[in-house]
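Reader: I'd love a close look at one part of this chain, taken slowly, with the rest of the fold as its setting. Please start wherever you think the view is best.

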Amino acid sequence: MSTTSTSELAALSSERRAILEAFAEASSDALLAHDRQGRITTCNRSAERIVGYLEAEIVGQPISSLFPDHLRAQVAEVYETVYSGDTVDHLETEVQRKLGMTVPVSLSVRPLRDERGRIVGAVSIAQDVTEMRLAQATLAEVEARLRGGEAQVHVGRWLWDVGTGAVQWSDELHRIHGVDPLDFAGTLDAHVEGAHPDDRVRLRQSMQDAVRSGRPFEQEYRVVRPDGSERRIYLRAEPTVSSAGLVVGLRGIGQDLTDEPITRDRPAT
């Protein structure tokens, strides 16, 4: 049986450290190691960028000093949990930069063990979520504006995912059909069943033809609401094409035309 020499083990350990250091430097997340007393022992460049301190400035400082005063008690509890052997994943919190500005982060912490398995510290991984939060806020604002605009012009959005069979309606399309979102099954059958019985076959066929041909789809038909009232709706969509060039669904709009005269621009029922 072959044995591994001390020099070979040292070489393997050195290679492993080099790989870990390369990973740490390549990471866009802040990585900070600290001992059992909470003193920072090292950090990567992303940590310097996020917290605004150079490594030389924070090594030896308590990890808690990187957090705002009102969050330090919570952070202390987190590290006590980690020092007992548990892990913490994606805690939404904030770090405080050198000049006082706070940065929202998603914090994960792992215990750091020595060769005997004893916990000698921890590694904190802080992901800057500033851009993600801004994107979420922007999307929420855009969605709110879209909903308001849809309600004013009585135009809703819809999509059909051929692969899963799922059909999604926006709020305005639910209002046009008189169907509560909780009562909508979200399938092609549910979508077609909202049409007048005399229009269902034509509607389904036109949608399926659009997927097969890869051409834009438009259809005008009658909607029968659950209360028995009827609306006239104009449905239009463009094919959604995958990177392989295959049509994987339809995405478009539906407009309530009930109070408008029938024109030659759209196919009449």
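Author: Let's begin at a pair of facing residues: His34 stands opposite Ile40 in strand 2. Strands here are DSSP runs of E with at least two residues, and helices are runs of H or I with at least four residues, both numbered from the N terminus. Residue numbers count from 1 along each chain as its sequence is written, and what you see is a predicted model, in which local features need pLDDT of at least 70, side-chain atom pairs count only at pLDDT 80 or more, and totals for chains, interfaces and linings use all residues. Side-chain values rest on heavy atoms, with hydrogens and water left out.

A second facing pair belongs to this spot, as Ala33 has Thr42 of strand 2 for its bridge partner. Strand 1 covers residues 30-35 and pairs with strand 2 in the antiparallel sense over 3 bridges; two strands are said to pair if DSSP finds at least two bridges between them. Together strand 1 and strand 2 make a hairpin with 4 residues between them, and in its turn Gly38 has a positive phi of about 85°.

Now widen the view a little. The hairpin belongs to an open, antiparallel sheet of 5 strands in the order 2-1-5-4-3. Strand 2 (40-43) and strand 3 (88-96) are the edges, and each has a single partner strand, so one side of each is left without a neighbour in the sheet. On average, neighbouring strands of this sheet are turned by 30° against each other, direction ignored (axes are lines fitted to C-alpha atoms, for helices over the stretch in contact, and angles run from 0 to 180 degrees between N-to-C directions).

Which elements do the buried residues of helix 4 pack against? They pack against strand 1, strand 3, strand 4 (102-113) and strand 5 (119-128). Helix 4 itself takes in residues 72-83; its 12 residues should span 16 Å at 1.5 Å a residue, and its end C-alpha atoms are 16 Å apart, which agrees (the expected span is 1.5 Å times one less than the number of residues). The buried residues of helix 4 are Val75, Val78, Tyr79, Val82 and Tyr83. Seen down the axis of helix 4, these buried residues fall within an arc of 135°, so they line one face of the helix (the arc is that of the directions from the helix axis to the C-beta atoms). On the other side of helix 4, Ala73, Glu77 and Glu80 are exposed. Here buried means under 20% relative accessible area, exposed over 50%, and partly exposed in between, with a 1.4 Å probe and protein chains only. After helix 4 comes Gly85, with a positive phi near 115°.

Thr93 gives a good look at the edge strand 3, where it has its place. Its relative accessible area is 5%, so Thr93 counts as buried. Leaving aside residues up to four places away in sequence, Thr93 touches Phe67, Leu71, Gln74, Val103, Pro104, Val105 and Leu107, contact meaning heavy atoms within 4.5 Å.

Further along the chain there is another open sheet: 5 strands in the order 7-6-10-9-8, with antiparallel pairing. Strand 7 (166-169) and strand 8 (217-224) stand at its edges with a single partner strand each, so one side of each has no neighbour in the sheet. In this sheet the average turn between neighbouring strands is 25°, direction ignored. Strand 8 and strand 9 pair antiparallel over 8 bridges, with Val223 opposite Arg231 in strand 9. These two strands form a hairpin with 5 residues between them, and Gly228 in the turn has a positive phi of about 95°. Strand 9 (residues 230-241) is joined to strand 10 (residues 247-256) by 9 bridges, again antiparallel.

Across strand 6 (155-161), strand 8, strand 9 and strand 10 lies helix 8 (residues 200-213), which runs at about 155° to strand 8. Met207 of helix 8 is buried, with a relative accessible area of 0%. Beyond residues up to four places away in sequence, Met207 touches Trp158, Trp160, Leu188, His191, Phe217 and Leu250.

As for the whole chain, it has 8 helices and 10 strands, and 33% of its 269 residues count as buried.
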